[in-house]
Amino acid sequence: MGTKRRAAVILLAAAGITTGAIVSWAGSSGAATHPTSPQPVGEYATWTTVFTGTKAGIEGLTGDNRGNVYVAERGGGDHPCPVWRIAVANGDATQIGFVPGPCSPSGLAFGPDRRLYITGADAPAQDQIDVLTPGNATTVATVFATGAAQANGIAFDRRGNLWATDGNNKQGIVYRVGSRGGAAAEAFRVPPMANSIGVGRQNGTQQGTTPNTPNPQDIVANGIVFTQDGRIVVADTARGALWQVRLDSGGRITSPTGCDQTYTADTLCLDDVLLENPALAGADGIALDAAGRVWVDANERQAIVVVDQHATMTEFFRNPVDATTGRRNGGPLETPTSPVLLGHTLCTTSSDGNRRDNFPDSGGEVTNTGKISCLDRQLDVPGLSLPVR
């Protein structure tokens, strides 16, 4: 079993979340107030590191209904990318296959056929999505879809279609792939932060590899999930926002698009923003619980935030301030990237990026290789039945 770390955890009251008009960011968040989040309930619990990467990093995470999480490590260069199954109870890791190199996986999810679908194959273009039938260390993932440049987050709709975000492509494209695979098609776009005519903005003042070095966070389509009523929710990393998209019975987009002619006609309108808030800065991977609430890894802030269907936001957890350095880079979160709910258990990956609240990245348990951490205390709100589609 990995290292246990004690940190202030903001547990959600009653059925999982408190509600109200004013929040105090006391406890793990320090003494400050913000007018848009409910009052959290502070209590202490422990996180356990159940997996520590040894290669070029990890990001995506999924799970099954037997208490296991799954992750694909980035191999680095032309090396293959191993795929692991980790038992949360004891940290036992078993390699169940690999993605041929070059590869740089960012997301993975179980499909309706109970196979694992993995983005980020065929690096550096990363325009290929592979599929893997879990086996052993020699089991090879094969090509499922092509033409999804920089595919990142991944989710399945009720019809078995695969949807993926474009991540580092930074155009805000959400792709759709039919249940039989093949070429990916553009379904819609989240408005990008910058384009050829200068519309949008760049966060050039965000802290980079040295204090105040420009290092824009301009990914606008990252984590993606389907709600139980069939809506799509997309995490906007750059804005610190969640977008929601409605579909008709045939799977066609019905949410408003094309409001701003400086963007492509399939670009979402501002009416489609579910919530934008500084507390969501760096919104990365997202997950749903059984009540339809969205759990967000806010990677810029070393935080996990929960947003309900009415856009009410609750900060669930944020790294405590180190008494010596005054920073939040000591863990347990080290640039959180992908949460998952295994029944009542919450786990998340950390990619250990060298920016914002994780700067410098040498302050925590890992450096660049990434890790998976799970909350030792069970949550009151169960996760969705797994595998999540």
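1. A residue counts as buried when its relative accessible area is under 20%. Keep that cut-off in mind for this predicted model. Tyrosine 117 is buried, and phenylalanine 144 is buried too.

2. Now the rings. Seven aromatic pairs are counted in the model. One of them joins tyrosine 117 to phenylalanine 144. Their centres are 4.9 Å apart, with 80° between the planes. That pair is edge-to-face. It bridges distant parts of the chain, with the two positions 27 residues apart. Tyrosine 117 sits in strand β10 (residues 116-121), and phenylalanine 144 sits in strand β12 (residues 142-146).

3. Tyrosine 117 also pairs with phenylalanine 156. The ring centres lie 5.0 Å apart and the planes meet at 65°, so this pair is edge-to-face. Again, distant parts of the chain are linked: phenylalanine 156 belongs to strand β13 (residues 154-156), 39 residues from tyrosine 117. Phenylalanine 156 is buried, as is tyrosine 117.

4. Put the rings together. Tyr117, Phe144 and Phe156 make up one aromatic cluster.

5. Next, threonine 348. This residue lies in strand β27 (residues 345-350). Is threonine 348 buried or exposed? Its relative accessible area is 0%, so threonine 348 is buried, the cut-off being under 20%.

6. What does the side chain of threonine 348 join through a polar contact? The partner is the side chain of aspartate 297, at 2.5 Å. Setting aside neighbours within four places in sequence, threonine 348 is in contact with residues including Trp47, Leu61, Asp297, Ile304 and Leu333. Pro336, Lys371 and Ser373 are also among them.

Note on methods
Residues numbered from 1 in each chain as written. Predicted model: local features only at pLDDT ≥ 70, side-chain atom pairs only at ≥ 80, totals over all residues. Heavy atoms only, no water. Phe/Tyr/Trp six-rings, centres within 6.5 Å; stacked < 30°, edge-to-face > 60°. Helix = DSSP H or I, 4+ residues; strand = E, 2+ residues; numbered from the N terminus. Buried < 20%, exposed > 50% of the residue type's maximum accessible area, 1.4 Å probe, protein only. Polar contact = N/O pair within 3.5 Å; in protein donor to acceptor, adjacent residues only side chain to side chain. Contact = heavy atoms within 4.5 Å.
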